[in-house]
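Here is a report on charged pairs, a buried polar side chain and the nonpolar core. Start with the structure itself.

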Amino acid sequence: MKLFKKASVLFACAVVAGTVTSAAIAHGDNKHSSAPVVKEQKEWGVAGDAAAVKRTIDVSMGDDMRFQPGKLEIKKGETIRFRVKNTGALLHEFVIGTKAENAKHAELMVKFPGMEHDEPYMTHVDPGKSGDIVWTFNRAGTFEFACLIAGHFQAGMVGTITVAAN
């Protein structure tokens, strides 16, 4: 979220300065930072290590604004690799979070549709491509995954993750 906040501040400064260009706020270029992953504890878990992956869950997302599967069950403590395939012709993303966090982020995406952001719990996937997320679910609860691109979340492009306390 630190990068997200930093991007929001930079965007706001650029708007005030009148220097925003489409390149400055590009969302779907899939050229994200190669910096080390920051392991910041979130309500829904923490970035995982590839060596600790217990299983891979394949998820597809398409222009019907739906994920398949739309509901996932995970055990507390599991490290999961999500392999997310975009079967559509539009850019989509897969963002893990709480219902409140995703709704808040989706509102910002409507206001700033080209906003650039990159966190270990999200992947932006071009049409016909795949993206991966490795995440450790170290807290029980009900969370969600969503496409927060303007209009997609509002069209119902949301799924549920239930993390059982073993």
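## The K42–E40 pair

K42 and E40 form a salt bridge, with their closest N and O atoms 3.5 Å apart. The model is a predicted one. K42 counts as buried, at 11% relative accessibility. E40 counts as partly exposed, at 26%. Buried means under 20% relative accessible area, so K42 falls inside that class.

A search of the whole structure finds 5 salt bridges. In general, side chains of opposite charge can pair when their charged atoms come close.

## R55 and E78

A salt bridge joins the side chains of R55 and E78, at 2.8 Å from N to O. This pair links distant parts of the chain, 23 residues apart. R55 sits in strand β2 (residues 55–61). E78 sits in the loop between β4 (71–75) and β5.

R55 is partly exposed, with a relative accessible area of 33%. E78 is buried, with 13%.

## R81, R83 and D132

The side chains of R81 and D132 also meet in a salt bridge, 3.9 Å from N to O. R81 belongs to strand β5 and D132 to strand β8 (residues 130–136), so the pair ties together parts that are 51 residues apart in sequence. R81 counts as buried, at 19% relative accessibility. The cut-off for buried is under 20%, which means R81 qualifies. D132 is partly exposed, with a relative accessible area of 37%.

The link extends to a third residue. R81, R83 and D132 are linked in a network of salt bridges.

## N86 in strand β5

N86 lies in strand β5, which covers residues 79–86. How much relative accessible area does N86 have? The value is 0%, so N86 is buried.

The side chain of N86 reaches the backbone oxygen of L90 at 2.7 Å. Neighbours within four places in sequence aside, N86 is in contact with M61, L91 and H92. Its other contacts on that basis are V125, D126, P127, G128 and K129.

## The nonpolar core

The largest nonpolar core has 34 residues. Those with the most contacts inside this core are F82, F94, I96, W135, F137 and I161. In soluble globular proteins, nonpolar side chains tend to be buried together.

Which residues does F94 contact, leaving aside its neighbours within four places in sequence? They include V59, M61, F67, F82 and V84. Y121, M122, T123, I133, F145 and A146 are also in contact with F94. M61 is thus listed for F94, and M61 is listed for N86 as well.

Conventions
Residues numbered from 1 in each chain as written. Predicted model: local features only at pLDDT ≥ 70, side-chain atom pairs only at ≥ 80, totals over all residues. Heavy atoms only, no water. Core = buried A, V, L, I, M, F, W, Y, C linked by side-chain atoms within 4.5 Å. Buried < 20%, exposed > 50% of the residue type's maximum accessible area, 1.4 Å probe, protein only. Contact = heavy atoms within 4.5 Å. Helix = DSSP H or I, 4+ residues; strand = E, 2+ residues; numbered from the N terminus. Polar contact = N/O pair within 3.5 Å; in protein donor to acceptor, adjacent residues only side chain to side chain. Salt bridge = Lys/Arg side-chain N within 4 Å of Asp/Glu carboxyl O.
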